[in-house]
Amino acid sequence: MKKFQKIISLALILVILGSNLVFAENQDGESGTIEPQQTTVTSINYYRNNTAGRKITDAIYVTPGKGREVKLQRYNKETGKWQTKSTKYASNEETSKVVLQYPSEWYAQKTSKWRIYIPATETASKFISKDITVNTKRVYQNPSSYFQIQDNISFAGQGGYSLKKGTMGLKVRKVQVKLGMGTKNYAIVGPTTISKIKAFQKKKGLPVTGVVNYTTWKAMGLSYSDWNNLGAYVSPMKVDYTSTKKECIEAMIDRAYDYLGTEYIVGASGKPGQGVDCSGLVMQAMYAAGINPLPVSVVRHSQPGYEYESRNLYNSSKLKKVAYKDRKRGDLIFYSDSNGTIIHVAIYLGNDKVIESWPNKVVVWPIKNSHRSRIAGVRRVFV
């Protein structure tokens with residue numbers, strides 16, 4: 001019987017421990033309960049701006065400490081859940097200093113949200129902090145009066161434009177090839193191209209407009225993907241928040257080198273190997289370095305009247321004017337015709353060399369040569 005009573009007593013003790021309550025005796029000798037101690041955390045920095053690449057460490061104070069887990073969690077926007085990124089342990093002291101270090105992923109995005117989570121114990125309540133906001137500052141950014149380095153550049157959904165008189169670029173080239181005009185024609189919708197479009201539309205029983213809308217494009221057997229994307233391509237970003245000024249310049253030049261040998265096509269700004277003209281090459285190089293020179297864009301460049309986006313870049317107040325004698329690697333070199341009108345742009349490599357799309361493909365040539373030698377001015381992308 002005594003053995004049975006001991007078993008019952010042990011079971012009661014286990015039930016009590018599992019309830020997270022601590023039993024004690026009051027002054028009258030009667031049993032009572034003490035609620036788990038309220039957890040407090042002090043010295044949390046809830047809002048901060050930090051330069052990418054640097055370490056973020058925070059010293060917080062946890063009461064009660066008693067060897068408890070202290071978790072640093074980041075909010076995942078995609079899943080909508082908090083993820084533990086670091087776990088530290090408090091000392092056995094009543095109030096314990098805990099040093100937290102944020103993992104480097106905080107500077108992979110402009111703003112991230114974090115929190116401190118401390119699970120409950122038998123004697124202490126859990127703790128969940130308010131959101132901690134961490135804003136990332138770039139290692140390098142242009143002065144505010146010039147083009148700013150962007151986090152993302154996209155013209156998705158803007159490439160599905162119709163081809164009309166004066167339209168240029170890769171979509172026009174696709175149509176001309178389908179109409180049996182080959183690849184030697186100027187990639188612009190002119191009288192000959194319009195005439196052939198009308199003939200095709202008449203043959204297919206389509207409205208004879210001389211304009212290629214998606215219905216005519218599809219009737220030519222051309223893809224929906226090309227319709228939307230050929231005229232709206234943007235080079236992948238080659239810079240991040242940790243990039244220095246020099247790395248931004250090199251990202252721009254590296255991207256231009258990807259285009260070596262790519263065919264010159266007026267109004268074009270496609271992928272390497274598809275076709276670019278001088279402005280198209282410069283825009284793609286700038287995109288790779290995080291610069292979006294709006295209103296100059298790959299989409300507008302293909303539209304009637306915007307063949308010479310080089311002129312608009314030259315006149316932009318968001319590019320720094322630089323004296324020719326002060327030119328540096330990564331600067332844009334602009335050329336004019338005999339009347340002083342801007343007709344061309346190239347990227348300066350140093351040592352009096354440029355990379356450019358001219359006269360029939362992307363090449364590295366001397367800054368002055370027999371094809372063009374009238375330098376109108378120099379503009380700096382990264383100031």
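# Exercises on burial, backbone geometry and overall form

A187 is a buried residue, its relative accessible area being 2%. The exercises below start from this residue and work outwards through a model that is predicted.

## Exercise 1. The surroundings of A187

Task: Establish where A187 lies and which residues it is in contact with, leaving aside neighbours within four places in sequence.

Solution. Begin with the position along the chain: A187 belongs to the loop between helix 2 and helix 3. Next, set its relative accessible area of 2% against the cut-off, under which a residue counts as buried if the value is under 20%. The contacts of A187 then fill in the picture, since they comprise T167, M168, G169, V172, R173, Q176, I265 and V266. Of these names, V172, R173 and Q176 reappear in the list of buried residues of helix 2, which also holds L170, K171 and V175. As a last step, take a distance: A187 and L170 are separated by 17 residues in sequence, and their C-alpha atoms lie 7.4 Å apart in space.

## Exercise 2. Helix 2 and its cover

Task: Determine which helices are included in what covers the buried residues of helix 2.

Solution. Helix 2 runs over residues 170–178. The cover over its buried residues includes helix 3 (191–203), helix 4 (214–219) and helix 5 (224–229). Following the chain just past the end of helix 2, one comes to G180, where phi is positive at about 80 degrees.

## Exercise 3. K198 and I355 set side by side

Task: Decide for K198 whether it is buried, partly exposed or exposed, and do likewise for I355.

Solution. K198 is located in helix 3, and its relative accessibility of 36% makes it partly exposed, given that this class covers values between 20% and 50%. Beyond residues up to four places away in sequence, K198 touches V208, T209 and G210. A separation across the model can be added here: K198 and Y314, which are 116 residues apart in sequence, are 38 Å apart from C-alpha to C-alpha.

I355, by contrast, is buried, with a relative accessible area of 0%, and it is part of strand 15. With residues up to four places away in sequence not counted, I355 touches A256, Y257, L260, L281, A346, I347, L349, V362, V363 and V364. Several of these can be placed in strands: A346, I347 and L349 fall in strand 14 (342–350), while V362, V363 and V364 fall in strand 16 (362–366). For I355 and I367, which stand 12 residues apart along the chain, the C-alpha separation is 8.8 Å.

## Exercise 4. Backbone features that call for a check

Task: Locate the cis peptide bonds at P295 and P359, and the positive phi values at K66 and N351.

Solution. The background to this search is that most residues other than glycine have a negative phi, and most peptide bonds are trans. Take the peptide bonds before the phi angles. The bond from L294 to P295 is cis, with omega near 10 degrees, and P295 sits in the loop between helix 7 (278–288) and helix 8 (298–301). W358 and P359 are likewise joined by a cis peptide bond, for which omega is about -5 degrees; P359 has its place in the loop between strand 15 (353–357) and strand 16.

Turn next to phi. K66, although not a glycine, has a positive phi of about 55 degrees; this residue is in the loop between strand 5 (57–63) and strand 6 (69–76) and counts as partly exposed at 47% relative accessibility. N351 also has a positive phi, near 55 degrees, and lies in the loop between strand 14 and strand 15, where its relative accessibility of 75% makes it exposed.

## Exercise 5. The chain as a whole, and confidence in it

Task: Why is the protein chain described as more spread out than a compact globule, and over which residues does pLDDT stay under 50?

Solution. The chain contains nine helices and 17 strands. Its radius of gyration is 33 Å, whereas the globule rule gives 21 Å for 383 residues, and because the value is well over that figure the chain is more spread out than a compact globule. The spans of the C-alpha trace along the principal axes are about 110 × 60 × 30 Å. Of the 383 residues, 45% count as buried.

As for confidence, the mean pLDDT is 92, and 91% of the residues reach 70 or more. Over residues 1–8, however, pLDDT stays under 50, and the model has zero contacts beyond four places in sequence for them. Over residues 10–29 pLDDT also stays under 50, but there the model has 19 such contacts.

Notes
Residues are numbered from 1 along each chain as its sequence is written. This is a predicted model: local features need pLDDT of at least 70, side-chain atom pairs count only at pLDDT 80 or more; totals for chains, interfaces and linings use all residues. Side-chain values use heavy atoms; hydrogens and water are left out. Helices (H or I, at least four residues) and strands (E, at least two) are DSSP runs, numbered from the N terminus. The radius of gyration is taken over C-alpha atoms; the globule rule is 2.2 Å times the number of residues to the power 0.38. Buried means under 20% relative accessible area, exposed over 50%, partly exposed in between (1.4 Å probe, protein chains only). pLDDT is the predictor's confidence in each residue, from 0 to 100. Contact means heavy atoms within 4.5 Å.
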